[in-house]
Amino acid sequence: MDHNSADFLIGGVALRSRFFLGTAGYPSPGVLREAIAASGTEVVTLGLKRQLSGSAGDNGFVEIIRASGARLLPNTAGCRTAREAVTLAHMARELLQTHWIKLEVVGDEHTLQPDPFELVDAAAQLVKDGFEVFPYCTDDLVSCQRLLDVGCSVLMPWGAPIGSGQGLLNPWALRTLRARLPQVPLIVDAGIGAPSHAAQAMELGFDAVLLNSAVAQASDPVGMAGAFRAAIEAGRLGYRSGLLAPQPMAVASTPVAGRPFEV
């Protein structure tokens, strides 16, 4: 994959927007519709358990997403075992006519940290069943490699616990993932709280950012969607343009001798 190209490929689909957006917790369907438009997103996630329970209000969420032109990325949020996640993924494919699935298998109730063992088991089965699996995982390199080994072609490591808004808690681990997996599409998912966090992820060379709460729970979700869109685009442009390497001490920016420009 060419990380300098304008488009990037996910499951054979070329995307220009690097902003993936969630749909939970918006004040109203109308605000959600406007936030999707302001974000410029081409991929929108939807919790199938929430949809089936009816707690999303009505079935208008799917229509809102489809009317926006964005692709649906159903997720298995709330699942605790591989078997449960696989069953829900098959329901999503049948109901929503998509083989894309954001795979979530929670292993800890306090942090909502993904269970690496159940996650790999579920991913292996879903890949065999013909799904394009987007696994929500931690930033652990070995766990990520195991997901790739079973056939995942994209990874979604967290920045921080989901909904916490803490930003990138372990930039070193994320930087390591980017360096060790240069050809793998990497999407930072969870923990993003501010546009600056999203810009930082993009400056590290990540391919996209997925977030929900930071937009849905903002005082002005539509304005915040636009702010994140600009931050993600700026972070990507900064990465492509070559960021200044940090220096251990001061380096004069204005020369006091010689020529001001290289000739």
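# Aromatic pairs, helix faces and strands in a predicted model

Trp100 and Phe134 are both buried. They belong to a model that is predicted, and this report begins with the aromatic contacts of which they are a part.

## Aromatic pairs

A pair of aromatic rings is described by the distance of the centres and the angle of the planes. In this structure the count comes to 2 aromatic pairs. The table gives the values for each.

| Pair | Centre to centre | Angle between planes | Class |
|---|---|---|---|
| Phe19 and Phe228 | 6.2 Å | 45° | tilted |
| Trp100 and Phe134 | 5.1 Å | 50° | tilted |

Phe19 belongs to strand β3 (residues 19-21) and Phe228 to helix α10 (residues 221-241), so this pair ties together parts that are 209 residues apart in sequence. Phe19 and Phe228 are buried. The pair of Trp100 and Phe134 also links distant parts of the chain: Trp100 is in strand β6 (residues 100-103) and Phe134 in strand β7 (residues 132-137), 34 residues apart.

Two charged side chains lie over aromatic faces. Arg93 is placed over the face of Phe131, 4.0 Å from the ring centre. Lys102 is placed over the face of Tyr136, and here the distance from the ring centre is 5.6 Å.

## Strands β6 and β7, and the surroundings of Ile10

In a regular strand the side chains alternate between the two faces of the sheet. In β6, Trp100 and Lys102 point one way, while Ile101 and Leu103 point the other way, and all are buried. Strands β6 and β7 run parallel and are joined by 4 bridges. Within β7, Glu132 is the bridge partner of Trp100.

Both members of the second aromatic pair are also found around Ile10. Leaving aside neighbours within four places in sequence, Ile10 is in contact with Leu15, Trp100, Phe134, Val154 and Pro185. Ile10 itself is part of strand β1 (residues 8-10). How buried or exposed is Ile10? With a relative accessible area of 1%, Ile10 is buried. Between the C-alpha atoms of Ile10 and Met156, which are 146 residues apart along the chain, the separation is 12 Å.

## Strands β4 and β5

A second parallel pairing is that of β4 with β5, joined by 5 bridges. Leu46 stands opposite Pro74, a residue of β5. Strand β5 (residues 71-75) is mostly covered, with 4 of its 5 residues buried.

## Helix α1

An α-helix has 3.6 residues a turn, so residues three or four places apart point the same way. Helix α1 (residues 29-39) has Leu32, Ala35, Ile36 and Ser39 as its buried residues. These residues cover an arc of only 100° around the axis, which puts them on the same side of α1. Against which elements does this buried set of α1 pack? The partners are β3, β4 (43-47), α3 (60-68), α9 (213-216) and α10. Two of these partners, β3 and α10, hold the rings of Phe19 and Phe228 respectively. After α1 comes Gly40, with a positive phi near 70°.

## Helix α4

Helix α4 (residues 82-96) has 15 residues, which at 1.5 Å a residue should span 21 Å; the end C-alpha atoms are 21 Å apart, in agreement with that value. Its buried residues are Ala82, Ala85, Val86, Leu88, Ala89, Ala92 and Leu96. The arc they cover around the axis is only 165°, which puts them on the same side of α4. The face of α4 turned away from this buried side carries the exposed residues Arg83 and Glu94.

## Positive phi outside glycine

Most residues other than glycine have a negative phi, and most peptide bonds are trans. Gln97, which follows α4, is not a glycine, yet it has a positive phi of about 55°. Gln97 is located in the loop between α4 and β6. Is this residue buried or exposed? Gln97 is exposed, its relative accessible area being 59%.

Ala190 likewise has a positive phi, near 90°, in a residue other than glycine. Its place is the loop between β9 (187-189) and α8 (195-203). Ala190 has a relative accessibility of 7% and therefore counts as buried, whereas Gln97 is exposed.

Conventions
Residues are numbered from 1 along each chain as its sequence is written. This is a predicted model: local features need pLDDT of at least 70, side-chain atom pairs count only at pLDDT 80 or more; totals for chains, interfaces and linings use all residues. Side-chain values use heavy atoms; hydrogens and water are left out. Rings of Phe, Tyr and Trp (its six-membered ring) pair if their centres lie within 6.5 Å; planes under 30 degrees apart count as stacked, over 60 as edge-to-face and the rest as tilted. Helices (H or I, at least four residues) and strands (E, at least two) are DSSP runs, numbered from the N terminus. Buried means under 20% relative accessible area, exposed over 50%, partly exposed in between (1.4 Å probe, protein chains only). A charge sits over a ring if NZ of Lys or CZ of Arg is within 6 Å of the ring centre and within 35 degrees of the ring normal. The arc is that of the directions from the helix axis to the C-beta atoms. Contact means heavy atoms within 4.5 Å. The expected span of a helix is 1.5 Å times one less than its number of residues. Two strands pair if DSSP finds at least two bridges between them.
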